[in-house]
Each structure stands twice: as structure tokens, then as C-alpha cells.
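Let's work through some exercises on empty space and strands in a protein. Keep the sequence and the 3D view open, and try each task before you read its solution.

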Amino acid sequence: MAVRAVRGAVQLERDEAGHMDEQVGALLTAVLERNGLTTDDLISIWFTATPDLHSDFPAAAARKLGIVDVPLICAQELDIAGAMPRVVRILAHIESDRPRADISHVYLGAAGALRKDIAQ
């Protein structure tokens, strides 16, 4: 079994904890489903949030999905002028037999514009 990394992002419509839970939950669910993963395949997940998000930790959404024994960490994204606002990004480390080229990176909604080269 190889260690792989999966990228993803979602743009929130507003900075509210419930909305963050919903959107980050949808992102994590899509990453798992599109890559045929279970929570047992997760090694760790890094979350970043743009500086305009203050309502909650993105990792809290993962815990609410039942991802409770996987190391999670949150960090703030760089504050770059002109960057897309209200974005949560993930970098999930996984165990998978899939070749690197077959990993599905998930960019939901408007966040698809961030990485048109790898967004599914």
C-alpha cells in the first residue's frame, strides 16, 4: 500500500460555523467517495482557511463526520491580495493502491477555479 496525497478546496458563502461544517463535510465526503476511501485509509489531514474565516476550525467538521482517530491540523492560509475569499483547503494523506495519476482531487463549486489543472 502506498502513501498518497489528495488535495481539495471549497469556498464558503459566509463565515458561519454551521455553514463551514456543511461545506467542509461535503468536501471530505466527496474526497472519500471519489477515491474509494474509508476513514481507515486516512493517515492525516491538513486544513487551511483564508484569514477571513473565524467561525470555527475546519477540522471540527471532520470530527462531526466521525473522523475521530485521524490526526488533523488547521492553519491559516497566506493573506495574499486578490486571493479568493472564504476558502478552506485540505491536504489529506492516505493509504491507497491507486497510482498517483488516478487520485481524484476535489475542488467544489467556485473553488474549482483555484486548480483547473487538477480539479475534478
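**Exercise 1. Find how many cavities of 30 Å³ or more the structure holds, and describe the lining of the largest cavity.**

Step 1. The structure holds 1 cavity of 30 Å³ or more. On a 1 Å grid over the protein atoms alone, a cavity is a set of points where a 1.4 Å probe fits but cannot get out, and lining residues have an atom within 4 Å of a point. Grid points are joined across faces, edges and corners, and the volume is the space filled by probe spheres set on the points.

Before going on, note that this is a predicted model, in which local features need pLDDT of at least 70 and side-chain atom pairs count only at pLDDT 80 or more, while totals for chains, interfaces and linings use all residues. Residues are numbered from 1 along each chain as its sequence is written, and side-chain values use heavy atoms, with hydrogens and water left out.

Step 2. The largest cavity contains about 40 Å³ of space. Its lining includes Leu 28, Val 31, Leu 32 and Ile 67.

Step 3. H1, S2 and S4 each give at least two residues to this lining, and H1 has the largest share, with 3 residues. Helices (H or I, at least four residues) and strands (E, at least two) are DSSP runs, numbered from the N terminus.

Step 4. Sorted by type, the lining of the largest cavity has 8 nonpolar, no polar and no charged residues. Here Ala, Val, Leu, Ile, Met, Phe, Trp, Tyr, Cys and Pro count as nonpolar, Asp, Glu, Lys and Arg as charged, and the others, Gly among them, as polar.

**Exercise 2. Describe the largest pocket, then decide whether Cys 74 and Thr 50 in its lining are buried or exposed.**

Step 1. A pocket is an open set of grid points with protein on both sides within 12 Å along at least five of seven lines. About 160 Å³ of space lies in the largest one.

Step 2. Strand S2 (42-49) and strand S3 (72-76) each contribute at least two lining residues. The lining of the largest pocket splits into 7 nonpolar, 4 polar and 1 charged.

Step 3. Cys 74 sits in strand S3. With a relative accessible area of 29%, Cys 74 is partly exposed, whereas Thr 50 is buried at 7%. The cut-offs are under 20% for buried, over 50% for exposed and in between for partly exposed (1.4 Å probe, protein chains only).

Step 4. Cys 74 and Pro 58 are 16 residues apart in sequence, yet 6.9 Å apart in space, C-alpha to C-alpha. Thr 50, in the loop between S2 and helix H2 (58-64), has contacts (heavy atoms within 4.5 Å) beyond four places in sequence, including Glu 77, Met 84 and Arg 86.

**Exercise 3. Work out the order of the strands in the sheet, and explain why S3 and strand S5 (106-108) each have one side without a neighbour.**

Step 1. The open sheet has 5 strands in the order S3-S2-S4-S1-S5, with mixed pairing. Two strands pair if DSSP finds at least two bridges between them.

Step 2. S3 and S5 stand at the edges with a single partner strand each, so one side of each lacks a neighbour in the sheet.

Step 3. S2 and S3 run parallel and are joined by 5 bridges. Look for Trp 46, whose bridge partner in S3 is Ile 73.
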